[in-house]
Amino acid sequence: EDGIRDYKVTGVQTCALPISMTARILPHNLDAESSVLGGVFLRRACLELPEVAALSVPDFFGPKHQAVLAAMRNLASKSEPIDPITVEAELARLGKLESVGGLAFLGELMLVTPSVESVANHARIVARLSARRALIAAAGDVVDRLYAADADDEDLSDGAAAKAYAIGRSEEHTSELQSPCNLVCRLLLEK
(Lines give C-alpha, C1' and ligand atoms only; values in the text may rest on other atoms or scores of the structure.)
Protein backbone atom coordinates (compact mmCIF):
# COMPACT_ATOMS: atom_id res chain seq x y z
CA GLU A 1 0.00 0.00 0.00
CA ASP A 2 1.33 3.43 -0.95
CA GLY A 3 0.09 5.25 2.18
CA ILE A 4 -2.74 7.04 0.34
CA ARG A 5 -6.44 6.37 0.53
CA ASP A 6 -8.71 7.80 -2.15
CA TYR A 7 -12.04 9.03 -0.88
CA LYS A 8 -14.83 9.26 -3.43
CA VAL A 9 -18.06 11.01 -2.57
CA THR A 10 -20.79 11.18 -5.19
CA GLY A 11 -21.17 14.71 -6.57
CA VAL A 12 -18.18 16.09 -4.67
CA GLN A 13 -14.65 16.68 -5.85
CA THR A 14 -12.39 14.19 -4.10
CA CYS A 15 -8.81 14.15 -3.02
CA ALA A 16 -6.41 11.51 -1.84
CA LEU A 17 -5.73 11.73 1.88
CA PRO A 18 -2.67 10.27 3.52
CA ILE A 19 -3.53 7.28 5.70
CA SER A 20 -2.11 9.29 8.58
CA MET A 21 -5.14 11.61 8.33
CA THR A 22 -7.72 8.85 8.62
CA ALA A 23 -9.16 7.58 11.90
CA ARG A 24 -6.49 6.12 14.17
CA ILE A 25 -6.10 5.32 17.83
CA LEU A 26 -4.16 8.01 19.63
CA PRO A 27 -0.77 7.02 21.09
CA HIS A 28 -0.95 5.76 24.65
CA ASN A 29 0.43 3.09 26.96
CA LEU A 30 -2.11 1.86 29.50
CA ASP A 31 0.49 -0.39 31.13
CA ALA A 32 2.76 2.59 31.85
CA GLU A 33 -0.24 4.52 33.24
CA SER A 34 -1.18 1.57 35.46
CA SER A 35 2.39 1.26 36.67
CA VAL A 36 2.54 4.92 37.71
CA LEU A 37 -0.70 4.66 39.69
CA GLY A 38 0.22 1.29 41.18
CA GLY A 39 3.60 2.69 42.18
CA VAL A 40 1.86 5.49 44.10
CA PHE A 41 -0.21 2.87 45.93
CA LEU A 42 2.94 0.92 46.79
CA ARG A 43 4.98 3.96 47.78
CA ARG A 44 3.23 7.29 48.25
CA ALA A 45 6.56 9.11 47.77
CA CYS A 46 6.27 8.20 44.07
CA LEU A 47 3.63 10.93 43.82
CA GLU A 48 6.35 13.47 44.64
CA LEU A 49 8.79 12.27 41.98
CA PRO A 50 9.29 15.18 39.55
CA GLU A 51 8.19 13.03 36.60
CA VAL A 52 4.97 12.02 38.37
CA ALA A 53 4.32 15.44 39.92
CA ALA A 54 4.50 16.98 36.43
CA LEU A 55 1.69 14.74 35.15
CA SER A 56 -1.83 16.11 35.05
CA VAL A 57 -5.06 14.14 34.85
CA PRO A 58 -5.45 14.71 31.06
CA ASP A 59 -1.95 13.30 30.50
CA PHE A 60 -3.48 9.89 31.19
CA PHE A 61 -5.32 8.38 28.24
CA GLY A 62 -7.47 5.86 30.11
CA PRO A 63 -10.58 7.37 31.75
CA LYS A 64 -10.21 4.95 34.68
CA HIS A 65 -6.63 6.07 35.16
CA GLN A 66 -7.68 9.72 34.96
CA ALA A 67 -10.26 9.18 37.70
CA VAL A 68 -7.78 7.36 39.94
CA LEU A 69 -5.13 10.07 39.56
CA ALA A 70 -7.72 12.78 40.31
CA ALA A 71 -8.74 10.91 43.48
CA MET A 72 -5.09 10.47 44.50
CA ARG A 73 -4.37 14.17 43.96
CA ASN A 74 -7.47 15.14 45.98
CA LEU A 75 -6.31 12.94 48.87
CA ALA A 76 -2.75 14.27 48.66
CA SER A 77 -4.00 17.86 48.76
CA LYS A 78 -5.73 17.07 52.07
CA SER A 79 -2.65 15.20 53.40
CA GLU A 80 -4.70 12.02 53.64
CA PRO A 81 -3.26 8.53 53.12
CA ILE A 82 -3.30 7.13 49.60
CA ASP A 83 -4.18 3.46 49.48
CA PRO A 84 -6.84 1.41 47.69
CA ILE A 85 -9.37 1.92 50.50
CA THR A 86 -9.01 5.72 50.70
CA VAL A 87 -8.94 6.06 46.91
CA GLU A 88 -12.04 3.86 46.71
CA ALA A 89 -13.83 6.19 49.15
CA GLU A 90 -12.70 9.28 47.22
CA LEU A 91 -13.85 7.78 43.92
CA ALA A 92 -17.23 7.01 45.53
CA ARG A 93 -17.44 10.62 46.74
CA LEU A 94 -16.67 11.81 43.19
CA GLY A 95 -19.27 9.43 41.73
CA LYS A 96 -16.62 7.57 39.73
CA LEU A 97 -16.23 4.33 41.68
CA GLU A 98 -18.54 2.21 39.56
CA SER A 99 -17.10 3.43 36.24
CA VAL A 100 -13.56 2.66 37.47
CA GLY A 101 -14.41 -0.89 38.46
CA GLY A 102 -14.22 -0.58 42.23
CA LEU A 103 -11.69 -1.95 44.64
CA ALA A 104 -10.82 -4.83 42.30
CA PHE A 105 -9.43 -2.44 39.69
CA LEU A 106 -7.49 -0.49 42.32
CA GLY A 107 -5.92 -3.68 43.66
CA GLU A 108 -5.05 -4.74 40.13
CA LEU A 109 -3.04 -1.53 39.68
CA MET A 110 -0.68 -2.61 42.44
CA LEU A 111 -0.29 -6.07 40.94
CA VAL A 112 0.70 -4.82 37.48
CA THR A 113 3.40 -2.46 38.75
CA PRO A 114 6.70 -4.17 37.95
CA SER A 115 8.71 -2.09 40.42
CA VAL A 116 8.42 1.25 42.17
CA GLU A 117 11.92 1.97 40.87
CA SER A 118 10.43 2.08 37.34
CA VAL A 119 7.70 4.62 38.13
CA ALA A 120 9.70 7.68 37.01
CA ASN A 121 10.51 6.01 33.69
CA HIS A 122 6.88 5.02 33.19
CA ALA A 123 5.78 8.57 34.02
CA ARG A 124 8.12 9.86 31.29
CA ILE A 125 6.43 7.45 28.85
CA VAL A 126 3.00 8.77 29.88
CA ALA A 127 4.18 12.38 29.45
CA ARG A 128 5.78 11.69 26.07
CA LEU A 129 2.63 10.04 24.71
CA SER A 130 0.47 12.83 26.12
CA ALA A 131 2.66 15.34 24.27
CA ARG A 132 2.21 13.36 21.07
CA ARG A 133 -1.57 13.42 21.52
CA ALA A 134 -1.41 17.18 22.09
CA LEU A 135 0.56 17.65 18.88
CA ILE A 136 -1.88 15.42 16.97
CA ALA A 137 -4.80 17.46 18.35
CA ALA A 138 -3.10 20.72 17.35
CA ALA A 139 -2.42 19.37 13.87
CA GLY A 140 -6.04 18.20 13.61
CA ASP A 141 -7.23 21.64 14.65
CA VAL A 142 -5.07 23.20 11.95
CA VAL A 143 -6.45 20.78 9.34
CA ASP A 144 -10.03 21.54 10.44
CA ARG A 145 -9.41 25.29 10.24
CA LEU A 146 -7.85 24.94 6.79
CA TYR A 147 -10.80 22.92 5.52
CA ALA A 148 -13.26 25.41 7.02
CA ALA A 149 -11.48 28.47 5.62
CA ASP A 150 -12.69 30.01 2.42
CA ALA A 151 -10.48 31.42 -0.31
CA ASP A 152 -10.64 34.96 1.15
CA ASP A 153 -9.46 33.99 4.65
CA GLU A 154 -6.11 35.25 5.79
CA ASP A 155 -3.25 32.79 5.93
CA LEU A 156 -3.86 30.48 8.90
CA SER A 157 -0.33 29.12 9.09
CA ASP A 158 0.89 31.64 11.69
CA GLY A 159 -1.58 30.40 14.28
CA ALA A 160 -0.77 26.81 13.43
CA ALA A 161 2.93 27.43 13.81
CA ALA A 162 2.39 29.14 17.15
CA LYS A 163 0.38 26.19 18.42
CA ALA A 164 3.00 23.65 17.33
CA TYR A 165 5.78 25.80 18.77
CA ALA A 166 4.00 26.06 22.13
CA ILE A 167 3.61 22.29 22.38
CA GLY A 168 7.23 21.67 21.44
CA ARG A 169 8.53 24.21 23.94
CA SER A 170 6.30 23.51 26.94
CA GLU A 171 8.25 22.28 29.94
CA GLU A 172 6.26 19.10 30.46
CA HIS A 173 6.91 17.84 26.94
CA THR A 174 10.10 16.01 26.24
CA SER A 175 12.84 17.03 23.86
CA GLU A 176 11.80 14.14 21.60
CA LEU A 177 8.88 16.25 20.39
CA GLN A 178 10.76 19.52 20.06
CA SER A 179 12.30 18.48 16.76
CA PRO A 180 8.97 17.44 15.10
CA CYS A 181 7.27 20.56 16.47
CA ASN A 182 10.06 22.75 15.14
CA LEU A 183 9.80 21.02 11.76
CA VAL A 184 6.05 21.72 11.65
CA CYS A 185 6.72 25.35 12.54
CA ARG A 186 9.34 25.73 9.78
CA LEU A 187 7.04 24.14 7.19
CA LEU A 188 4.14 26.35 8.19
CA LEU A 189 6.16 29.54 8.24
CA GLU A 190 7.82 28.97 4.85
CA LYS A 191 5.68 30.90 2.45
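This passage describes the fold of a predicted protein model, and then two of its helices, its nonpolar core and three single residues.

The protein chain contains 9 helices and 2 strands. Read from the N terminus, the order of elements is β-β-α-α-α-α-α-α-α-α-α, so both strands precede the helices under the numbering from the N terminus. Of the 191 residues in the protein chain, 35% are buried. Among contacts with a separation of 6 or more, 60% join residues 24 or more positions apart. The accessible surface of the chain is about 11100 Å², and carbon and sulfur atoms account for 57% of this surface.

Helix α3 covers residues 63-77. With 15 residues at 1.5 Å a residue, helix α3 should span 21 Å, and the end C-alpha atoms are indeed 21 Å apart, so the expected and computed spans agree. Seven names make up the list of buried residues in α3: His 65, Ala 67, Val 68, Leu 69, Ala 71, Met 72 and Leu 75. The packing partners of these buried residues are α1 (30-42), α4 (84-94), α5 (97-100) and α6 (102-111). Ser 79, which follows α3, has a positive phi near 55 degrees.

Helix α4 has Pro 84, Thr 86, Val 87, Glu 90 and Leu 91 as its buried residues. Because these residues cover an arc of only 160 degrees around the axis, they lie on the same side of α4. This pattern can be set beside the geometry of helices in general. An α-helix has 3.6 residues a turn, so residues three or four places apart point the same way. Ile 85 and Arg 93, on the other side of α4, are exposed. The buried residues of α4 pack against α1, α3, α5 and α6. The N-terminal end of α4 is capped by Asp 83, which has a side-chain oxygen 2.9 Å from the backbone nitrogen of Ile 85. Just after α4 comes Gly 95, with a positive phi of about 75 degrees.

The largest nonpolar core holds 30 residues. Those that touch the most other members are Val 36, Val 68, Met 72, Ile 82, Val 87, Leu 91 and Leu 106. Two or more residues of this core come from each of α1, α3, α4, α6 and α7 (119-148). Val 68 and Met 72 are also among the buried residues of α3, while Val 87 and Leu 91 are among those of α4.

Three residues were considered singly. Beyond residues up to four places away in sequence, Val 36 touches Val 52, Leu 55, Phe 60, Val 119, His 122, Ala 123 and Val 126. Ser 35 is located in helix α1. The relative accessible area of Ser 35 is 1%, and Ser 35 is therefore buried, the cut-off being under 20%. With residues up to four places away again left out, the contacts of Ser 35 are Thr 113, Pro 114, Val 119 and His 122. Val 119 and His 122 thus appear in the contact lists of both Ser 35 and Val 36.

Ala 54 lies in the loop between α2 (50-53) and α3. Ala 54 has a relative accessible area of 47% and is partly exposed. Along the chain, Ala 54 and Ala 123 are 69 residues apart, and their C-alpha atoms are separated by 8.8 Å. Ala 123 is also one of the residues that Val 36 touches.

Methods
Residues are numbered from 1 along each chain as its sequence is written. This is a predicted model: local features need pLDDT of at least 70, side-chain atom pairs count only at pLDDT 80 or more; totals for chains, interfaces and linings use all residues. Side-chain values use heavy atoms; hydrogens and water are left out. Helices (H or I, at least four residues) and strands (E, at least two) are DSSP runs, numbered from the N terminus. Buried means under 20% relative accessible area, exposed over 50%, partly exposed in between (1.4 Å probe, protein chains only). Contact means heavy atoms within 4.5 Å. Accessible areas come from the Shrake-Rupley method with a 1.4 Å probe; for residues, only the protein chains shown count as cover. The expected span of a helix is 1.5 Å times one less than its number of residues. The arc is that of the directions from the helix axis to the C-beta atoms. A polar contact is a pair of N or O atoms within 3.5 Å; within protein, one must be able to donate a hydrogen and the other to accept it, and residues adjacent in sequence count only if both atoms are side-chain atoms. A nonpolar core is a set of buried Ala, Val, Leu, Ile, Met, Phe, Trp, Tyr and Cys residues joined through side-chain atoms within 4.5 Å.
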